[in-house]
Amino acid sequence: MEIKIFEEKDNSLRFLLKDVNHSYANALRRAMMAEVPSMAIDDVIIIENNSVLYDEVIAHRLGLIPLKTDLDTFVLPEECDCKSELGCSKCRASFTLEAESVDEPVNVYSSDLKGESDVVPVSGNIPIVKLGPSQRLKLELYAKLGRGLEHAKWQPVSACAYKYMPRVTLNPDNLANPPEVIQACPADVYVADPENKIAVRDELACTLCMDCVEKATPIDSKKTFPVKIEGDENAFVFYVESTGCMPSRRIVAEASKILEKKTVNLADLVKKGLE
Ligand SMILES: [Zn+2]
């Protein structure tokens, strides 16, 4: 197995995963989406709410705010040794939220959440509710680690997808209509070339849509077809975009740890079954 990172930004990662099969790539994707834990608000105590939004709508909105997650400090409530329904400082983070409009309307944002731990919203600009004159909101909130398979608010990724590694082969000598082929590609894979009239600009951008192949007209149909697109079935280009809760790189690492644990468990079970 081989991993090559193509591009890494604050919250996104594009990498090549080579020498694995389709099942493995999909297992990794699913582990990232559904099993890597992240923090989300799960309990909201409404002390006062006379805004236009119902209590449950506000609670739902609060649950969907992505929070900075530190997997080295916090543990899943079911794995915490406190075994308490109320939780402790290792499995729960608390916040308060107080906002009021006196005479001018007031927008309540995620930055109004006040807490004592390092668990904070990834952005302070997420709107929660708009308060009209004499409306008030007073809440007590509790966040905990959870998994995407239980509720999408715990999904650490906002995008997680892969495609086969594209391979584009050009034979410009036998291509009658290079400008049309360049134009046909929705992903701008090709570029005009002074010598061959067409060249590959960005092979990775190819989505294997085959529009270029359909458009290509060979000069001599007996010779090699001018455009060939193939997807490598043992190499995958992954794109992982974190919600901001933790770096994408960490999400990939955590997902592979989860897969490893599952494989070891399965091996143990098989061994026991055979004994
Ligand atoms: Zn605990």
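## Notebook: sheet, zinc site, pockets and two loop residues

I began with the sheet and found that strand 3 and strand 8 run antiparallel and are joined by 10 bridges. I keep in mind that this is a predicted model, in which local features need pLDDT of at least 70 and side-chain atom pairs count only at pLDDT 80 or more, while totals for chains, interfaces and linings use all residues. Residues are numbered from 1 along each chain as its sequence is written, and side-chain values use heavy atoms, with hydrogens and water left out.

**Entry 1, the sheet.** For the terms, I take helices (H or I, at least four residues) and strands (E, at least two) as DSSP runs numbered from the N terminus, and I count two strands as paired if DSSP finds at least two bridges between them. In the pairing of strand 3 with strand 8, I located Ser38 opposite Gly146 of strand 8. Strand 8 also pairs with strand 4 (residues 93-100), again in the antiparallel sense, over 8 bridges, and there I found Arg136 of strand 8 as the bridge partner of Glu100. Strand 4 is in turn joined to strand 6 by 2 bridges, and these two run antiparallel as well; Thr96 stands opposite Lys114 in strand 6. Put together, the pairings give an open sheet of 4 strands in the order 3-8-4-6, with antiparallel pairing. Strand 3 and strand 6 (114-115) are at the edges with a single partner strand each, so one side of each has no neighbour in the sheet.

**Entry 2, the zinc ion.** I then looked up the protein donors of the zinc ion, which are the SG atoms of Cys80, Cys82, Cys88 and Cys91, at 2.2 to 2.3 Å from it. Donors here are N, O and S atoms within 2.8 Å of the metal (3.2 Å for Na, K and Ca), and water is not among the atoms, so sites may look incomplete. The spacing of the donor residues in sequence is C-x1-C-x5-C-x2-C. The angles among the 4 donor atoms run from 101 to 114 degrees, and the site is tetrahedral (four donors count as such if all angles lie between 85 and 135 degrees). I also checked accessibility, where buried means under 20% relative accessible area, exposed over 50%, and partly exposed in between (1.4 Å probe, protein chains only). Cys91 is buried at 3%, whereas Cys88, at 25%, is partly exposed.

**Entry 3, pockets and cavity.** The search used a 1 Å grid over the protein atoms alone: a cavity is a set of points where a 1.4 Å probe fits but cannot get out, a pocket is an open set with protein on both sides within 12 Å along at least five of seven lines, and lining residues have an atom within 4 Å of a point. Grid points are joined across faces, edges and corners, and a volume is the space filled by probe spheres set on the points.

The largest pocket has a volume of about 360 Å³. Of its 16 lining residues, I noted Pro37, Leu76, Glu79, Arg147 and Glu254 as nearest its centre, and helix 5 (residues 248-274) gives the largest share of the lining, 7 residues. By class, this lining has 7 nonpolar, 1 polar and 8 charged residues (Ala, Val, Leu, Ile, Met, Phe, Trp, Tyr, Cys and Pro count as nonpolar, Asp, Glu, Lys and Arg as charged, and the others, Gly among them, as polar).

The second largest pocket holds about 260 Å³ and is lined by 13 residues, with Asp43, Glu85, Leu86, Gly87 and Arg92 nearest its centre. Strand 3 (38-49) and strand 8 (136-146) are the elements that give two or more residues to this lining, and strand 8 gives the most, 3 residues.

I found 1 cavity of 30 Å³ or more, with about 80 Å³ of space. It is lined by 13 residues, and Cys185, Cys206, Cys209, Met210 and Cys212 are the closest to its centre. The lining comprises 11 nonpolar, 1 polar and 1 charged residues.

**Entry 4, positive phi.** Most residues other than glycine have a negative phi, and I noted two residues with a positive value. Met210 has a phi near 70 degrees; this residue is in the loop between strand 11 and helix 4 (211-215) and is partly exposed at 31%. Lys197 has a phi of about 75 degrees, lies in the loop between strand 10 (190-191) and strand 11 (199-200), and is exposed at 55%.

Terms used. Tetrahedral: all angles 85-135°; square planar, octahedral: opposite > 155°, others 65-115°.
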